[in-house]
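Reader: I'm new to reading structures. Could you walk me through this one, a bit at a time?

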Amino acid sequence: MSRVSKVLVANRGEIACRILRTLRRLGIPSVAVYHAQDADSLAVREADEAVELRGEPPVAAYLDIAQIVAACERTGADAVHPGFGFLSEKAAFAEALGAAGIAFIGPSPHAIRVMGDKIESKRLARACGVSTIPGGADEIEDAEHAVRVAHELGYPVIIKASAGGGGKGMRIACDDAQCRDGYVRASSEAQASFGDARVFIERYIERPRHIEIQVLADAHGHVVHLFERECSIQRRHQKVIEEAPSPFLDDATREAMGAQAVALARAVDYRSAGTVEFIVDSQRNFHFLEMNTRLQVEHPVTEMVTGLDIVAEQIRIARGEPLGYAQTDLAIRGHAIEARLYAEDADAGFLPATGQVHLLRLPRGEGLRIEHGLVQGQSISAAFDPMLAKLVAHGSDRAQAIARLAQGLRDTVLLGTVTNADFLARVLAHPAFAAGDTHTGFIGEHRAALAAAAPHEEQALALLAAAALAQRHVDPRFACPEPLAAIGEWRN
Amino acid sequence: MKREIALGGAVHPVTLMRRGDAATVDVAGRAHRCSLASCGEGEHLLRMDGKTWRVWIATHRNRVWVHAFGRAFELEVLDPLDRAARASGAGDCTVAAPMPGAVVSVGAMEGERVRKGQSLMVIESMKMQTEIAAPRDGIVESVAVKAGASFDRGATLLTLKAGD
């Protein structure tokens, strides 16, 4: 087993900073990697050492296995934490590290490979008694095959890319024509996005909730789950608000989902932290979606309700330590909600925004945790994912967590680009959200109610006055005294 | 001094007059007594007609961002000369990015005479390619971006000057 005495963080932004914080807390020396665009980033500042990677476009730097292995060798790092995204679910990366004698803080290449293939993972899930959505057993050969499968399942159906993710290569069909068209489009999108045109068809669950189970498994066969996270609030098939526990699950469903997630993890000899995603219908029937073989963006909500540091657990597991606790030692305390702050214009179809962080004042408050990698003055470029930060609030109950998160969003001052902070606050304030009446189509269904309200008259006046007074060349000290102004325009 | 300030798609004429430490801001013919006191680090106390709000302000060129009432607003202080030139359709003209993205290719060269509607460059945003066409006849004065460069919404891509 590996010593994990010095860890290279193969990521950037908020997740690199979050991993570095745990490394510091554990007294483990750290190495950051960065592309020139991130040379002055918070992650570079917070690491003990940082190594530049080259790449064009910039994301290529963080995807370059050979450069990252070389950076480990150069700095003496004997372990790598991949974070999420980038190389975190590339079996070849785990293998390359293994070949160089470097520990990958994550599961085995085998587990990554099996769970990375949606058709393969679903076969395995069925084989070990995990509830799956009807359909999806076969790769679809052509449009007519798609229609035959759809008839067996009954409409509506969903056509998905086998190698997919993030909503790409996904189509919903309610009749034969949509099914044929959806097959062609999903398959060509899958080829373009993933280099793999294989698609499959499943029964489409209407108004589904996205609920996932966090699992932890050590190298000695101990597997526990850390309960669920509900991540139903999504835009463009990406999560924006996540919470634990789900306001919808009862104890029996929670226990059944947890048991199935643990069974699936055992079936692939899983090691490290992983997440088994389910969709849940209005009758609390749940169906396996996929397993993510890495740390999730939304892991902090689980940390806040269980008191565990999941990154620290991953490091202990990579060192070969046993978990040291059983399922019955774990409990949910209070409620936690996370909101993802994106540089995007929620009122213009969630179009990504760029800009510069001219002013940054992040909130503090009881039960509030902020994950970010921002520094004032930095550029927000289109070169990377537009997620800026995560705000996570914990409360003794759901209402308190919502109230604290909403206050945190109102107090988040990030000027110089467009963010979705106010949109997120509007979702939290919606009565259907407060009632826990959530599903993955929530944002689309409530689009009108979630639209930005124009400032009222007094607010608009105050804003105009602030803008007029703040402009340096119209500073009141330089403006003309009133008698002159009355005469007319004095200077531009 | 008269200004036009854009907020949420509407343009408001605003006149600012100094009066001692405070100022009078005249919006749409009605005067409001205002002051803005800096508390440091971008934080300000904005007073208007006997009310006070805590606001955060950042400025960059003619853009002003104000965080107030629990959310952020972007305002633009319009230059009267720019607006006059824009309104007349003559003189120099800036071709601005309609959305953030990256330049795929640049078809126009500096000094080139272009016709209205002619393709000047191709940009990519959200994995969609869009042609940027000349808004009117003119001569390409400068090309502000190169192929591969990324830009924000509203960034200057290219400027045109009058044809003669």
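Reader: Let's start with the strands: which residue in β5(A) does Ala79(A) stand opposite?

Author: Keep in mind that this is a predicted model. Strand β4 of chain A covers residues 79-81 and runs parallel to β5(A), with two bridges joining them. Follow Ala79(A) across to β5(A), and the residue you meet is Ala103(A).

Reader: Okay, and which are the edge strands of the sheet they belong to?

Author: That open sheet in chain A has five strands with parallel pairing, in the order β3-β2-β1-β4-β5. An edge strand here pairs on one side only. That gives you β3 (49-52) and β5 (103-104) of chain A.

Reader: Zooming out, how far apart are the centres of domain 3 and domain 4 of chain A?

Author: Chain A splits into four pieces, among them domain 3 at 209-445 and domain 4 at 457-487. Take the centre of each over C-alpha atoms, and the separation comes to 44 Å.

Reader: What about chain B: what distance separates the centres of its domain 1 and domain 2?

Author: Chain B has domain 1 at 2-78 and domain 2 at 89-161. Using C-alpha atoms again, their centres are separated by 33 Å.

Reader: Now the place where the chains touch: which strand of chain B gives the most to that side?

Author: On this side, 49 residues of chain B are in contact with 45 of chain A. Seven of the chain B residues come from one strand, spanning residues 51-60, and that top contributor is β6.

Reader: And how many residues on that side of chain B are nonpolar?

Author: Sort them by type and you get ten polar and seven charged residues. The nonpolar group numbers 32.

Notes:
Residues numbered from 1 in each chain as written. Chains lettered and ligands numbered in written order. Predicted model: local features only at pLDDT ≥ 70, side-chain atom pairs only at ≥ 80, totals over all residues. Domains from an automatic or database assignment. Pairing = 2+ DSSP bridges. Helix = DSSP H or I, 4+ residues; strand = E, 2+ residues; numbered from the N terminus. Contact = placed C-beta atoms within 7 Å. Nonpolar A, V, L, I, M, F, W, Y, C, P; charged D, E, K, R; others polar.
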